[in-house]
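Got a minute to walk through a protein? Here is a briefing to read with the model open beside you.

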Amino acid sequence: KQWYQRRVRGGRAYYICCCRTPDSATQLHQLVQDNSSEKIQFSVLKLDVTSEVDREGVVKFCEDKLRESGLNLLVNNAGIMPHYCSEGLETVEGSELHRTYNNNFIGPTLLTKGLINLVRLAASRNPNKTKILSISSKSGSVGHKRFMIGGAYDYRASKVAINRTARNLAAQYGSEGVIALPVCPGWAATDMGNRGHLKAEVPVVQSIEGVREAIRNATQETNGLFVDHSGDYPPW
């Protein structure tokens, strides 16, 4: 909702919104009902990024709907964090490592693979304005002094993988006008950010506006670079 409300006004737009359980996404459906118009259209699709069937369904839908225009912004927002940052190596389980990697890295990467030709089509018509956004985290930074601590092995490693993938996308498709950016939205006051004993630092509105600004400011010069909601470029 905050993302949509802070959109650029004017013109036509088509939003394809994906979530694991559309039937229970009441706020999303209310947003669609309140804002649909001749110029602003929405579709709500079921997507568990770990499901090959779901991914293929989304790709097929997008190919049918966007065959003429392409996809000018892909947002990879899937993410889970099974363990707190205070939990060490003794808490690591193979099943959780697989689950976290499937949700945070493997699923979004395979979805991007399925949609990349639509992204390239959009870039051919609007070069350097077509972007792939991946929600990352500074807790995945290897060089950031604040995060020279242990814990959350699965989550942090998955964000390192997301950052490297964005860099690869920039290297492979940058010459076609595609810009990839991994963005840290800050420790935002979402359900994940405030779970348990945690209390997030960044209001959702501030986080969203920072992410949108990062998208607007992304250029070929910054293609593939890790950026945060404040406009800073954290160390990898």
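Leaving aside its neighbours within four places in sequence, which residues is N163 in contact with? The partners are S136, P182, F226 and W236, where contact means heavy atoms within 4.5 Å. Keep in mind that this is a predicted model: local features need pLDDT of at least 70, side-chain atom pairs count only at pLDDT 80 or more, and totals for chains, interfaces and linings use all residues. Residues are numbered from 1 along each chain as its sequence is written, and side-chain values use heavy atoms, with hydrogens and water left out.

**The overall layout**

- The protein has 6 helices and 6 strands; these are DSSP runs numbered from the N terminus, with helices being H or I of at least four residues and strands being E of at least two.
- Read from the N terminus on, the elements go α-β-α-β-α-β-α-β-α-β-α-β.
- Of the 236 residues, 43% count as buried; buried means under 20% relative accessible area, exposed means over 50%, and partly exposed is in between, using a 1.4 Å probe and protein chains only.
- Take the contacts with a separation of 6 or more: residues 24 or more positions apart account for 73% of them.
- About 12900 Å² of the protein is exposed, and carbon and sulfur atoms supply 51% of that area; the areas come from the Shrake-Rupley method with a 1.4 Å probe, and for residues only the protein chains shown count as cover.

**Two buried helix residues**

- N163 sits in helix α5 and, at 1% relative accessibility, counts as buried.
- Along the chain, N163 and V183 are 20 residues apart, and their C-alpha atoms are separated by 8.7 Å.
- L115 belongs to helix α4 and is buried too, with a relative accessible area of 3%.
- Apart from neighbours within four places in sequence, L115 is in contact with V59, C62, L71 and L74.
- One of those partners, C62, is 53 residues from L115 in sequence and 7.9 Å from it in space, C-alpha to C-alpha.

**The cavity**

- Rolling a probe the size of a water molecule over the atoms shows where empty space is left.
- How many cavities of 30 Å³ or more does a search of the whole structure find? It finds 1; a cavity is a set of points on a 1 Å grid over the protein atoms alone where a 1.4 Å probe fits but cannot get out.
- The space in the largest cavity is about 70 Å³, where a volume is the space filled by probe spheres set on the points, and grid points are joined across faces, edges and corners.
- Its lining is made of N76, P108, T109, T112, S134, I162, T165, A166 and L169; lining residues have an atom within 4 Å of a point.
- Two elements, α4 (94-125) and α5 (153-173), give two or more residues each to this lining, and the largest share, 4 residues, comes from α5.
- By class, the lining has 4 nonpolar, 5 polar and no charged residues; Ala, Val, Leu, Ile, Met, Phe, Trp, Tyr, Cys and Pro count as nonpolar, Asp, Glu, Lys and Arg as charged, and the others, Gly among them, as polar.

**Aromatic pairs**

- A search of the whole structure turns up 2 aromatic pairs; rings of Phe, Tyr and Trp (its six-membered ring) pair if their centres lie within 6.5 Å, and planes under 30 degrees apart count as stacked, over 60 as edge-to-face and the rest as tilted.
- Y15 and F42 make a stacked pair, 5.3 Å centre to centre with 20° between the planes.
- Y15 is in strand β1 (residues 13-19) and F42 in strand β2 (residues 40-46), so this pair ties together parts that are 27 residues apart in sequence.
- Y15 counts as partly exposed at 21% relative accessibility, while F42 counts as buried at 14%.
- The ring centres of Y101 and F105 are 5.9 Å apart and their planes are at 80°, so that pair is edge-to-face.
- Both Y101 and F105 lie in helix α4, 4 residues apart, which is about one turn of the helix.

**Two spots outside the helices and strands**

- N128 lies in the loop between α4 and β4 (130-135), and its phi is near 70°, a positive value in a residue other than glycine.
- P235 is in the segment after β6 (227-228), and its C-alpha atom is separated by 6.4 Å from that of S141, 94 residues away along the chain.

Technical notes:
1 Å grid on protein atoms, 1.4 Å probe; cavity = no way out; pocket = protein on both sides within 12 Å on 5 of 7 lines; lining within 4 Å.
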